[in-house]
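User: Could you take a close look at the salt bridges in this structure and walk me through them slowly? I am a first-year student, so please explain where the partners sit as you go.

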Amino acid sequence: MKPNPMASWMVVFRKEFKEIFRDSRTTFNIIISPLLITPLLFAIIGVAVQGQVKKAEKETIPVAIVGLAKSPTLQENLKGVPNIEWKEKSRAEAEEAIRKRDIRAAVVIPEDAEQRLAENRTVTLSLLVDEGSQSSMQAGQRLETVIVERGQRVVAQRLIEQGLSSELATPLQIKQQPVTGGGSAATLILTSILPYVLAVSAIMGGVSAANDSVAGEKERGTLETLLVSPASRRDLVLGKFLAVAGVSLVSSLLSVIGLLWPFFVPLKVFEWMTRGGLTLSPTAIVTMILVQIPLAVLGAGLLLTISTYAKNQKEAQTYLAPVLLVTTVAAMMSMFLKMDSGIIYSAVPILNAALTLKGALEGTLNPVFVAVASVTSFVYAGLAVAISAYLFQKEEVLLKA
Amino acid sequence: MRYASQTLLANSKNILTLNTTLYATSGRSYESDRVEARFSVTILKNANIIKYGFKSRVEVWSEKNNEKAFEIVGIEGVRTMIEVQNISKVFTDKKRGEVRAVEGVSFTAHPGEIFGVLGPNGAGKTTLLRMMATILSPTDGTATISGYDIRQQAQEVRANIGFLTGSAGLYERLTPREMLTYFGELNGMRPDAIQTRINDVIQALDMSEFADRRCDKLSTGQKQRTSIARSILHNPPVLFFDEPTSGLDIMAARTVVSFIRQCRNEGRTVIFSTHIMSEVEALCDRIAIIYKGKCIAIGTLAELRAKTGEALFENVFLRLIESEGSYEA
């Protein structure tokens, strides 16, 4: 036999890679979806949220008020509240109207309100809301704010009447001022979403490639033709593994790009998330790239193991479901945890990578956590690859039909 | 190199030179007259005329005195291309326990010969072929293909074989040319050699029209021709056909059958597994009947007919199984 000009694993890798990107499903999932669909979703969310906020700002809320006639002071006090339409009703009418959703909420003024106000005592107003209705609860909150604010006016009035400063009632005041050079609101969004998106796309990005790679070959009857070629099974599995890991990497890298490009393209629909700009430290960028490697390797190993074990693609899909669920849950946990939540999380696959990335984005990398996470991630990834390579040697698994 | 010493009647150490054209002639002779086929040989090292017995029915004549003067170009000797020795395979099945799929099968096959493996579905034919092709490893026994041991030299064995099954698929998102390139590379061929060979094969199998069209757009017949091209791309001396016509329409099946004949004519050793009697009758030089994992008879069609006293091959087959005492009608 003439010497092989190219190693067999390289031949397999090249062919798999070429074939994967000819599949329109894969192209959509790996290229179009992260680059366009994810930003589009953000844009839709942004537009919807902004629209909702604007609508809420303009909307006039119909609210009932019970017993207003008996308190001229409160009548005067509650005048001119923006976007609230007061409707005078009896308590029974108000409750009925809330149930029928004709009005959102109601304020009940007690009989002795005017008297208590005159005596500079506290007046307790009852707020009627429907706890099963979100808009009623929101109206309740709005009324609470209005009443507290108008109450403060009463206090100020009382202090002035006593010849004192109105500031007596507000000894402390809060004004938020973001520091320059710190993270923006966008960083906050990214630190919660990016680790999740990255972990999920690095693991799931290779699903269709892996499924096609062995289970698909079994199904189409091409695996046998491959097994009778002089390429060793080790070369075959190595080539396939590298192709799936490569696809996973491309998928997660494009997911990052998909999340980041809106920050650099001034489009109005992204304003809600890009306001304040984005600050990414070099450490964050390097970590972002490094973290994906063990994730992609682990993902490729896992997916290839499933694909090798399954009889066909349908069976592979069935085995995949719990894996994808666990992946999603592990990645999602990164939204609620932090690196310093416990060193134990550094040994949890997927979650450890997501938390490391979160730490890098927040600039709070814990070296012990990173070290344990790196070692365990590579151990898990190595194990997954070893299992898939082992299965590839088992004739009863490969020829399962 | 392994010589079929039992078939050389004299001077077995001499090198016999047969050429491929000669095999083609022998193939055709077999069809017209299976008993009287004659071969011509040139003896390189020894001027003596050698009588060469091929299962005692084929005489080999001196080339110079033969009126059919063939051009002799170098296939070395008559050798046993395939030697299967007492091969067995036991599977462990969760439900059925230990399953003896193949039990102690032995046979030899030679260049320019179509060796049929005939048996009902589930007889163990596929397992036998898969062991010979190194896809499965035998539980016991072994085989040599082109002188290489299937247990010890699996990679060399695979470089010497082509494998075609009826259920073999194609890579649908590749074109036939890309797929052939892939298998050429896996077979360790050089890029220039691959392209030359692909062009030859495309021409020989009349594939030019669809060679650059994606495989999922091909008709059944075109797909089958692509599969054939894949199996012979690396020019293997041994070809395995496992139920190659199953699921094919008559035109596609015909392409396969004529390709198998062509392989014999080119001097390749063909192992042809099937359960279709007519294909065996039309193609095979010798036949092994496999039943319940065992080889219950080996011989030419005429020998098997003589052994059973039946003329219709279907009856030959049934009689052989009955005589095994294990036939369940």
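Analyst: What follows goes through the salt bridges, beginning with the contact between the two chains and then turning to pairs inside each chain. Please keep in mind that this is a predicted model, so every value below is computed from predicted atom positions.

As background, side chains of opposite charge can pair when their charged atoms come close. By the rule used here, which asks for a side-chain nitrogen of Lys or Arg within 4 Å of a carboxyl oxygen of Asp or Glu, the count over all chains comes to 33 salt bridges.

Across the interface of chain B and chain A, the rule finds 7 salt bridges. At this interface, 35 residues of chain B are in contact with 32 residues of chain A, and the two chains bury about 3200 Å² between them, with 54% of that area on carbon and sulfur atoms. Tyr171(B), Arg173(B) and Leu186(B) supply 24% of the area that chain B buries against chain A, which is more than any other three residues. A salt bridge also joins the side chains of Glu224(A) and Arg130(B), with a distance of 2.7 Å from N to O.

Within chain A, the side chains of Arg101(A) and Asp130(A) meet in a salt bridge at 3.0 Å, N to O. Arg101(A) lies in the loop between helix H4 (91–99) and strand E3 (105–108), whereas Asp130(A) lies in the loop between strand E4 (126–128) and helix H6 (134–161), so the pair ties together parts that are 29 residues apart in sequence. Arg101(A) counts as exposed because its relative accessibility is 52%, and the cut-off for that word is over 50%; Asp130(A), at 21%, is partly exposed.

Another pair in chain A is Glu119(A) with Arg121(A), whose side chains meet at 3.0 Å, N to O. Here Glu119(A) is partly exposed at 39% relative accessibility, and Arg121(A) is partly exposed at 39% as well.

In chain B, Asp285(B) forms a salt bridge with Arg264(B), the closest N and O atoms being 2.7 Å apart. Asp285(B) sits in the loop between helix H8 (277–283) and strand E13 (286–291), while Arg264(B) belongs to helix H7 (residues 250–265), and the pair links distant parts of the chain, 21 residues apart. Asp285(B) and Arg264(B) are both buried.

Finally, salt bridges can share partners, and in this way Lys15(A), Glu16(A), Glu19(A), Glu217(A) and Lys240(A) are joined into one network.

Definitions and conventions: Residues are numbered from 1 along each chain as its sequence is written. Chains are lettered from A and ligands numbered from 1 in the order in which they are written. This is a predicted model: local features need pLDDT of at least 70, side-chain atom pairs count only at pLDDT 80 or more; totals for chains, interfaces and linings use all residues. Side-chain values use heavy atoms; hydrogens and water are left out. Contact means heavy atoms within 4.5 Å. Buried area is the accessible area (1.4 Å probe) that two parts lose on being put together, summed over both. Helices (H or I, at least four residues) and strands (E, at least two) are DSSP runs, numbered from the N terminus. Buried means under 20% relative accessible area, exposed over 50%, partly exposed in between (1.4 Å probe, protein chains only).
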